[in-house]
Amino acid sequence: LMVGGGVAQAARKAPEMDKAKAIETLQVGFDYNATELGKYLDQGISYKELKNICMHAFAANVPLQKVVELRHKYGWTRVKFLLGLTPQKFYEGELKYKANRLYKIMGLDKKTSIKYMKLGFASHQVKRASYIARHCDVPLIEILNMKTRQIKWGDVAEQLGLPRDACMK
């Protein structure tokens, strides 16, 4: 039995993303070929599974097809092992992917993104803080440190004299 209502959540399945949106989303972070991504979606691979395949291929620097073939036969733990993806290598691949997405979405320097993610901040926190930083003269690290579980991004923006939605634009 799962704690905290997890059973109800597990029973509910998220609606599948439409093909064009799935391809666009995967291309933004991973730079894979749209036709190849579409082929895997057409074969019945879900968006979530394909994103995981992309992440593993990206982190291991191997073609998508290799991961698709391995995944057809094995679980993720074995796939990681066969690709030589240690936890550290996989983590570094994830950082690179997230930094690539932030660069493409908002032009944020990849080294800056990785620096703050290595300090323990999530990519979405770096993104929100960066939006706010564009509207004021406060260092990014100070903005990141202002956000807590109790203090929302809108609150941070207001504390800096900005509109609540400054972290969204």
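Two residues are in contact when they have heavy atoms within 4.5 Å of each other. On that basis, take the contacts in the protein chain with a separation of 6 or more: residues 24 or more positions apart account for 46% of them. The model is predicted.

## Overall make-up

The protein chain has 11 helices and 0 strands. From the N terminus on, its elements run α-α-α-α-α-α-α-α-α-α-α. The chain holds 169 residues, and 36% of them count as buried.

## Salt bridges

How many salt bridges does a search of the whole structure find? The search finds 5. Three of the pairs are set out here.

| Basic residue | Acidic residue | Closest N to O |
|---|---|---|
| Lys-104 | Asp-31 | 2.0 Å |
| Arg-71 | Glu-49 | 2.6 Å |
| Arg-164 | Asp-155 | 2.9 Å |

Start with Lys-104 and Asp-31, whose closest N and O atoms are 2.0 Å apart. Lys-104 belongs to helix α7 (residues 87–106), while Asp-31 sits in the loop between α2 (19–30) and α3 (34–42), so this salt bridge ties together parts that are 73 residues apart in sequence. Are its partners buried or exposed? Lys-104 is partly exposed, at 39% relative accessibility. Asp-31 is also partly exposed, with a relative accessible area of 46%. Both values fall between the limits that apply here: buried means under 20% and exposed means over 50%.

Next come Arg-71 and Glu-49, whose side chains meet at 2.6 Å, N to O. This pair, too, links distant parts of the chain. Arg-71 lies in helix α5 (residues 64–73) and Glu-49 in helix α4 (residues 47–60), 22 residues apart. Arg-71 has 23% relative accessibility and counts as partly exposed. Glu-49 has 21% and is likewise partly exposed.

The pair of Arg-164 and Asp-155 has its closest N and O atoms 2.9 Å apart. Which residues are joined into one network by salt bridges that share partners? They are Asp-155, Glu-158 and Arg-164. Arg-164 is partly exposed, its relative accessible area being 40%. Asp-155 is partly exposed as well, at 23% relative accessibility.

## Helix packing: α7 and α8

Helix α7 packs against helix α8 (residues 110–118). Their axes are 9 Å apart, and the angle is about 130 degrees. That angle makes α7 oblique to α8, because angles from 65 to 115 degrees count as roughly perpendicular, those over 145 as roughly antiparallel, and this one fits neither range. The crossing of the two helices is right-handed.

Which residues make the contact? From α7 come Tyr-91, Leu-95, Lys-96, Lys-98, Ala-99, Asn-100, Leu-102 and Tyr-103. From α8 come Lys-110, Ser-113, Ile-114, Met-117 and Lys-118. By class, the contact of α7 with α8 divides into 7 nonpolar, 2 polar and 4 charged residues.

## Helix packing: α3 and α4

The axes of α3 and α4 come within 10 Å. They cross at roughly 135 degrees. The two helices are therefore oblique to each other. Their crossing is right-handed.

On the α3 side, the meeting residues are Leu-37, Tyr-40 and Leu-41. On the α4 side, they are Tyr-47, Leu-50 and Cys-54. What is the make-up of this contact, counted as nonpolar, polar and charged? The contact of α3 with α4 has 6 nonpolar residues, no polar and no charged.

## Positive phi in two loops

Asp-31 returns here for its backbone. Its phi is positive, about 65 degrees, although Asp-31 is not a glycine. The residue is found in the loop between α2 and α3. Asp-31 is also the salt-bridge partner of Lys-104.

Asn-61 has a positive phi too, of about 55 degrees, and is not a glycine either. Where is Asn-61 found? The residue is in the loop between α4 and α5. Asn-61 counts as exposed, at 73% relative accessibility. Asp-31, at 46%, counts as partly exposed.

How values were computed
Residues are numbered from 1 along each chain as its sequence is written. This is a predicted model: local features need pLDDT of at least 70, side-chain atom pairs count only at pLDDT 80 or more; totals for chains, interfaces and linings use all residues. Side-chain values use heavy atoms; hydrogens and water are left out. A salt bridge is a side-chain nitrogen of Lys or Arg within 4 Å of a carboxyl oxygen of Asp or Glu. Helices (H or I, at least four residues) and strands (E, at least two) are DSSP runs, numbered from the N terminus. Buried means under 20% relative accessible area, exposed over 50%, partly exposed in between (1.4 Å probe, protein chains only). Axes are lines fitted to C-alpha atoms, for helices over the stretch in contact, and angles run from 0 to 180 degrees between N-to-C directions. Angles under 35 degrees count as roughly parallel, over 145 as roughly antiparallel, 65 to 115 as roughly perpendicular and the rest as oblique. A crossing is left-handed if the near helix is turned anticlockwise from the far one by less than a right angle, and right-handed if clockwise. Ala, Val, Leu, Ile, Met, Phe, Trp, Tyr, Cys and Pro count as nonpolar, Asp, Glu, Lys and Arg as charged, and the others, Gly among them, as polar.
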